[in-house]
Amino acid sequence: MKAEKKDREKGKAIWYLPQILYAFAGTFLCVLAGLLLEMDASELLQTGCFSFLGLAMLGLAVRLRFPYDAKLRKASRRRLSRFWIAVWIALALALISAFLPNMTWPFLPIFVVLGLYGTPFLGLLGGAVLLTVPVLLSGGGAGVFFLYFISGAFGLVIFLPLKKEAKILLPMILSLVCLFVCEIGGIILTLNAELSFMQFLLPAANVILSAVLLLAGVQQYAVKELYPYRDLYLYLNDTEHPKLAALRSSDRKAYMQSIHTAYFCERIGSVLGLDTDVLKCVGYYHRLTPLRDPEREAFFDEMNFTVPVRDTLIEFSEYALSKSRQPIRSKMTAILLCSQTMITTVLNLYEKGETQVDAALLVQRIFQRFEEHQVFASSDLTIHEYAEMKKVFEREKLYYDFLH
């Protein structure tokens, strides 16, 4: 009970404390910047008032609209912490911008990065609120505000949502071109002076600075959010991993069965658009996973498996313990079971003296047995995905010959 109460109190703290601190500390910094810029009392009051309202509203929006998943509490809290770090960095850039020419403000990456770590709505709101800070402090006016607001909103539309394996070159080029066009149309063309080459230097410099910050922000987001376990999976999915090497020495047959199961798990996952790192990992370690707790949980902790890997191996183990009477629900487990069954059957046929495998007939018999026992009746697999998985097994005729 004490642990639960402490967790609830900690949960409230991660929402309310950053919001309060950001509103008051951010307002203080905005007023301090106004003093350094020698603003008069009425301008300071206006800056302080609007800064506090805007920053407080942003904090409230984070508390109400941030995508927090209670089932993934630790991961959600890490993401929330990273979002607040990004917001503080963005505030620092906004304050620095007040001391720079308005053609050099780096607000495109601010909009996009806040949108990446939060949501498109939080990115748009956060970018707009922070954009008011240098506008108020420098007296930039509505034209400058809409210049960066439009370019930032366009960046959000182009970049988000950022998915795995997404190509960012085209979105980056388009967003930077939009920024440059907005600066030319919003600032340079409104100047009462003849156009000269020097007038384009600051917008060009802003484009370069924004590109660097945008690239750094997107790269950091990819490392922390899209591929947080890339190094771990590289280590686990290495065939020279100590556990796999030990299995190869002690039980060559089990090792080969695991290696080939992992191959099909990865192939099918790629075709169905699933996480191939997870599928490859469960293919490698399903033979090494103890069927019962606490040995199984101790093995998971030792291997530092991620939640999707644990869930898949647990369901697979429970299916094995129930002697095929427990239906499969997860797509990952369904793929693992089919791959393991296919490889085990092929290897057993070769051990019995078979010289060639009729892939189509074998796939038909194996999947017919699954259907008779209604193994996947409660599965998340769609009919299309089920059919695609069968096609993968049928197409791999040369691979079965390689197993002989």
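Tutor: Contact means heavy atoms within 4.5 Å. The model discussed here is predicted.

Student: Among contacts between residues at least 6 apart in sequence, what share joins residues at least 24 apart?

Tutor: The count leaves aside pairs that are not at least 6 apart in sequence. Of the contacts that remain in the protein, those joining residues at least 24 apart make up 71%.

Student: How many helices and how many strands does the protein have?

Tutor: Both kinds of element were looked for along the chain. The protein has 0 strands, and its helices number 18.

Student: What is the radius of gyration of the protein, set against that of a compact globule of 404 residues?

Tutor: A compact globule of 404 residues would come out near 22 Å. The C-alpha atoms of the protein fill a box of roughly 90 × 60 × 40 Å along the principal axes. The radius of gyration of the protein is 28 Å.

Student: Is E396 buried or exposed?

Tutor: E396 sits in the loop between α17 (383–395) and α18 (397–403). A residue is buried under 20% relative accessible area. Because E396 has 11% relative accessibility, it counts as buried.

Student: Which residues does E396 touch, not counting those up to four places away in sequence?

Tutor: Neighbours up to four places away in sequence are set aside. The residues that E396 then touches are Y263, F264 and R267.

Student: How far apart are the mean positions of the positive and negative charges?

Tutor: The protein has 41 positive and 37 negative charges. A mean position is taken for each group, and the distance between the two is 6 Å.

How values were computed
Residues numbered from 1 in each chain as written. Predicted model: local features only at pLDDT ≥ 70, side-chain atom pairs only at ≥ 80, totals over all residues. Heavy atoms only, no water. Helix = DSSP H or I, 4+ residues; strand = E, 2+ residues; numbered from the N terminus. Rg over C-alpha atoms; globule rule 2.2 N^0.38 Å. Lys, Arg positive; Asp, Glu negative; His and termini not counted. Charge placed at Lys NZ, Arg CZ, Asp CG, Glu CD. Buried < 20%, exposed > 50% of the residue type's maximum accessible area, 1.4 Å probe, protein only.
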